[in-house]
Amino acid sequence: MVDPATGIAGVKVIMDLLKLATEKLKGPKPDVPGALTLIGQTQQHLDQLRSHNFELERQLLKAERENFELQKSQQQNDAWERAQALYELKVVYGKTRLYVPKDGADRQLCPKCFESDHKEITLQGGISGFATCPVCKGSYQVRQRTQ
Ligand SMILES: [Zn+2]
């Protein structure tokens, strides 16, 4: 894990080296070899800083991805909580327990899809006594079997 403070410290080192190099070039007898040495050191620090920034960018992208996934997960949890508040598990026939809307609407949800996948899939059919999930094909007895 790269620390952003290391990069800031690196920038200060580079600025100090350039300041020293500038000082060496001032005056009646400029120290050109000394200034070039300092400029060479500056370039090394710049290379380190570039690698450091690349690593920081990589970490930032990773953190952004993780944040996105967490937000998505939170939204799914919120949606699931809202959905759970809309339905109740009720005995519809015999031992058949299905999720039905609390508002009294005449439909039943597939309990497997609702509980396992958090999907509100309305069971279909039921005239023959059995209603079927169009997604998982689960079949549930919802009334007395007709002849
Ligand atoms: Zn289902």
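At what angle do helix α1 and helix α2 pack, and how far apart are their axes? Keep in mind that we're looking at a predicted model here. In it, α1 covers residues 4–25 and α2 covers residues 32–86, and the two pack at an angle of about 165 degrees with their axes 9 Å apart. Angles over 145 degrees count as roughly antiparallel, so that label fits α1 and α2. As for handedness, α1 passes α2 in a left-handed crossing. If you sort the residues of this α1–α2 contact by type, you get 15 nonpolar, ten polar and just one charged.

Now let's zoom in on one residue, histidine 52, which sits in helix α2. Is it buried or exposed? Neither label quite fits: histidine 52 has 17 C-beta neighbours inside 10 Å, so it counts as partly exposed. The cut-offs make that clear, because buried takes 20 or more such neighbours and exposed takes 12 or fewer.

Who does histidine 52 touch, once residues up to four places away in sequence are left out? The partners are Val2, Thr6, Gly7 and Gly10. Take threonine 6 as an example: 46 residues separate it from histidine 52 in sequence, yet their C-alpha atoms are 8.2 Å apart in space.

Finally, zoom back out to the whole chain. The domain assignment splits off domain 1 at 4–81 and domain 2 at 94–141. Taken over C-alpha atoms, the centres of domain 1 and domain 2 are 58 Å apart.

How values were computed:
Residues numbered from 1 in each chain as written. Predicted model: local features only at pLDDT ≥ 70, side-chain atom pairs only at ≥ 80, totals over all residues. Domains from an automatic or database assignment. Axes fitted to C-alpha atoms, helices over the stretch in contact; angles between N-to-C directions. Helix = DSSP H or I, 4+ residues; strand = E, 2+ residues; numbered from the N terminus. Parallel < 35°, antiparallel > 145°, perpendicular 65-115°, else oblique. Left-handed = near helix turned anticlockwise from the far one by under 90°. Nonpolar A, V, L, I, M, F, W, Y, C, P; charged D, E, K, R; others polar. Contact = placed C-beta atoms within 7 Å.
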